[in-house]
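User: I should like to study this structure by asking questions about it and working through the answers. May we begin once the structure is displayed?

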There are 2 protein chains.
Amino acid sequence: MSLWGKRDDMVVHERDPFNAEPPRAALAGRRTTPPDAFYSRNHGPVPDLDPDAWRLTVDGLVDRPLELSLAELRDRFAEHEVAATLQCAGNRRAGLAAVRAIPGEDPWGPGATSTARWTGVRLADVLAEAGLRAEAAHVAFAAPDVSQLADPPQPYGGSIGVDKAVRPEVLLAWAMDGRPLPRVHGAPLRAVVPGWIGARSVKWLTRISARAEPSDNYFQATAYRVLPADADPAAGGGISLGPITVNCDILRPDDGDRVPSGPTEVTGYALAGGDRTVARVDVSVDGGRSWTQADLDDGDSPWTWRHWRTTLDLPRGDVVITARAWDSAGAVQPESPVHLWNPKGYANTSWARIALTCA
Amino acid sequence: MSLWGKRDDMVVHERDPFNAEPPRAALAGRRTTPPDAFYSRNHGPVPDLDPDAWRLTVDGLVDRPLELSLAELRDRFAEHEVAATLQCAGNRRAGLAAVRAIPGEDPWGPGATSTARWTGVRLADVLAEAGLRAEAAHVAFAAPDVSQLADPPQPYGGSIGVDKAVRPEVLLAWAMDGRPLPRVHGAPLRAVVPGWIGARSVKWLTRISARAEPSDNYFQATAYRVLPADADPAAGGGISLGPITVNCDILRPDDGDRVPSGPTEVTGYALAGGDRTVARVDVSVDGGRSWTQADLDDGDSPWTWRHWRTTLDLPRGDVVITARAWDSAGAVQPESPVHLWNPKGYANTSWARIALTCA
């Protein structure tokens with residue numbers, strides 16, 4: 001029996017908390033990721049919330065605190081749909097763990113990245129109804145899933161800056177690809193923060209608090225930070241992750257495949273976050289000495305990945321295919337995971353590489 | 001006699017058009033760059049505009065086109081000051097030219113980066129007065145300095161997206177560090193677009209046009225684009241540069257210095273653009289195998305560089321010092337200029353390196 005309705009071939013890093021990613025082939029060529037392939041990243045047990053009893057509290061630095069049922073949320077605010085890719089900050093951690101061990105963190109491949117059409121209301125509209133005060137600089141999300149991995153154990157939470165919170169793409173979503181949100185993906189309601197690390201798209205959302213400071217939840221204040229290589233992760237500090245920086249990976253062929261030599265179609269995805277989009281993807285069969293520009297699809301919105309494809313003439317023998325993406329500001333992925341290694345293994349944006357044997 | 005009131009030790013790449021940068025020592029340790037050291041990047045002769053006859057036209061997709069004298073501009077809009085670093089897209093091109101020649105482009109060092117306090121009015125306020133229409137997506141700047149380097153020769157111009165144009169940090173400035181703008185820096189009025197490549201901070205501004213599309217001026221439509229290594233620069237295409245991506249360089253010691261071995265203070269600057277700020281600077285004496293975190297000053301605003309400093313224990317012999325900056329989204333500079341080389345030599349964001357001889 002599959003876990004949480006997922007494909008049988010999911011790469012399950014942990015069963016409890018449930019952490020699983022699809023194989024590359026399940027993402028290849030699909031602008032939208034089927035729900036049974038969408039990656040799942042959790043820090044505690046999956047809550048089972050009664051949608052009738054569920055309420056959303058909106059409080060903190062607002063003039064009119066709210067408590068809303070799901071029906072009230074749907075009735076009082078306009079419905080919007082946004083196509084958006086979510087990506088875990090630990091996506092591609094395996095490439096960092098190959099440099100040096102990262103104890104206690106799952107070795108995600110490139111599959112902690114998936115795309116859906118999300119339906120819900122704009123966070124901006126709800127905050128406007130609550131009367132966001134001028135001194136609010138951050139908007140915190142809280143949920144009931146208690147994580148034993150936090151220090152001390154606590155429910156999951158996080159926050160985003162108010163500049164992002166009031167943008168039209170940020171949703172409180174109850175549906176994914178036109179169907180009610182599956183329990184494992186946050187039913188009855190989750191935040192969707194396009195362009196930011198998945199950790200800020202808080203699932204099983206029960207409280208939204210406007211604050212002067214970022215959330216003091218463990219997963220905002222201590223985790224999800226890029227630390228210097230010699231730092232103690234428990235001490236906090238480092239760079240708190242928010243907007244996703246430009247990244248890509250190869251989806252087909254798969255890493256380790258045996259394929260015929262000769263002209264071969266190579267495909268993958270690229271993603272940029274914040275206010276940036278993917279502008280170009282280069283692919284190489286000689287380790288980056290020369291590059292072929294891949295064809296890019298349009299993406300379904302500024303907030304989704306762009307799939308890319310090109311045909312390379314593969315020589316016989318052992319071949320490494322390398323890919324790198326450029327964003328709309330002209331930034332390109334750095335070469336090597338060696339220089340990106342960090343104690344929690346976040347933000348591996350180094351060039352994508354797969355090894356093939358070509359007959 | 002110095003050129004355009006600049007220091008005698010400016011590195012003058014061209015006298016006409018005047019293109020010059022200060023030596024590293026002139027920038028080191030100074031949050032604000034003295035006007036006589038501020039870099040100067042021009043594409044044509046420096047105009048000599050009569051401030052009494054000068055008018056600013058605001059037209060295009062606006063409800064109420066404006067024609068404003070300098071006195072009207074100062075009287076009708078609130079005055080604002082913004083500390084901002086400007087950086088040329090060709091800054092550090094010398095590092096790319098060392099990989100492979102870049103004909104027709106000046107080999108700028110790290111000095112095409114300078115900081116001032118700018119005084120003027122907000123572009124947003126002027127656009128609001130003119131009644132910016134909903135279909136305006138770009139704001140174009142035009143100036144009278146005719147460039148013979150453009151194809152065909154034409155006055156300099158460029159544009160920025162309307163999202164940026166209406167932000168409070170974007171100014172129409174008549175003063176620099178509290179004194180009237182020097183002629184070589186754009187008197188009587190220039191655009192100042194903090195966080196974007198210097199090319200968009202158009203000097204000698206005479207016209208602002210709201211448009212549905214980016215400016216079709218040569219310097220927007222063809223130049224200032226990152227092209228694939230094998231592309232023809234005359235053909236256009238590529239990634240049009242706007243927001244600056246994270247970068248840094250070393251200011252003291254100077255490249256090529258002979259210094260005593262032992263504890264040595266190393267200083268420099270780091271800069272990030274768009275919505276990002278500098279979060280961390282690492283410095284290495286072993287080519288990046290190990291890093292020391294530098295101390296960062298606060299910067300005078302989110303739009304200025306941050307100076308950094310650290311003390312390294314330099315061994316005897318030939319030593320290369322390497323530095324790299326991380327931005328607030330967790331993006332870090334890529335390692336090598338080899339992989340960033342592009343036909344026009346823009347956006348060299350590779351790690352900073354200086355070579356020393358330590359006695």
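User: How many salt bridges does the rule count over all chains?

Analyst: The model is a predicted one. A pair counts as a salt bridge when a side-chain nitrogen of Lys or Arg is within 4 Å of a carboxyl oxygen of Asp or Glu. By this rule, the count over all chains is 38.

User: Which residue forms a salt bridge with Arg31(A), and where in the chain are the two partners?

Analyst: Arg31(A) belongs to the loop between helix 1 (24-27) and strand 3 (56-60) of chain A. Its partner is in the loop between strand 20 (295-296) and strand 21 (306-314) of chain A, 266 residues apart from Arg31(A), and the pair thus links distant parts of the chain. The closest N and O atoms are 3.5 Å apart, and the partner is Asp297(A).

User: How many salt bridges does the rule find across the interface of chain B and chain A?

Analyst: The interface can be described by its polar pairs as well as by its salt bridges. Five residue pairs in polar contact are found across the interface of chain B and chain A, both residues being at pLDDT 80 or more. For salt bridges across this interface, the number found is zero.

User: What area do chain B and chain A bury between them?

Analyst: The size of an interface is often expressed as the accessible area lost when the parts come together. Here the contact takes 29 residues from chain B and 29 residues from chain A. Carbon and sulfur atoms account for 56% of the buried area, which in total is about 2400 Å².

User: Which three residues supply 26% of the area that chain B buries against chain A?

Analyst: The area concerned is part of what chain B and chain A bury between them, about 2400 Å². No other three residues of chain B supply more of its share than Ile239(B), Glu335(B) and His339(B).

User: Which strand of chain B gives the largest share of the side that touches chain A?

Analyst: Strand 14 (239-240), strand 18 (278-284) and strand 22 (317-327) of chain B each supply at least two residues of that side. By class, the side has 15 nonpolar, eight polar and six charged residues. The largest share, three residues, comes from strand 22 of chain B.

User: What relation places chain B on chain A?

Analyst: A turn of 180° with a shift of 0.0 Å along the axis lays chain B on chain A with an RMSD of 0.0 Å. The same surface serves both copies, as 100% of the contact residues of chain B recur in chain A. The turn and shift therefore give the relation of a two-fold axis.

User: Which residue of chain B comes closest to the rotation axis?

Analyst: The axis is that of the 180° turn which lays chain B on chain A. Judged by C-alpha position, the closest residue of chain B is at 2.1 Å from the axis, and this is Pro334(B).

User: What is the strand content of residues 245-357 of chain A?

Analyst: UniProt, in an unreviewed entry, lists this span as "domain: Moybdenum cofactor oxidoreductase dimerisation". Its end C-alpha atoms lie 31 Å apart. The span is 0% helix, and its strand content is 49%.

User: Is the peptide bond from Ala187(B) to Pro188(B) cis or trans?

Analyst: Most peptide bonds are trans. Pro188(B) is placed in the loop between strand 10 (179-180) and strand 11 (190-192) of chain B. The omega of the bond from Ala187(B) to Pro188(B) is near 5°, and the bond is cis.

Note on methods:
Residues numbered from 1 in each chain as written. Chains lettered and ligands numbered in written order. Predicted model: local features only at pLDDT ≥ 70, side-chain atom pairs only at ≥ 80, totals over all residues. Heavy atoms only, no water. Contact = heavy atoms within 4.5 Å. Buried area = accessible area lost by both parts, 1.4 Å probe. Polar contact = N/O pair within 3.5 Å; in protein donor to acceptor, adjacent residues only side chain to side chain. Helix = DSSP H or I, 4+ residues; strand = E, 2+ residues; numbered from the N terminus. Nonpolar A, V, L, I, M, F, W, Y, C, P; charged D, E, K, R; others polar. Least-squares fit on C-alpha atoms with pLDDT ≥ 70 in both. UniProt positions renumbered as here; feature names shortened; annotations may be inferred.
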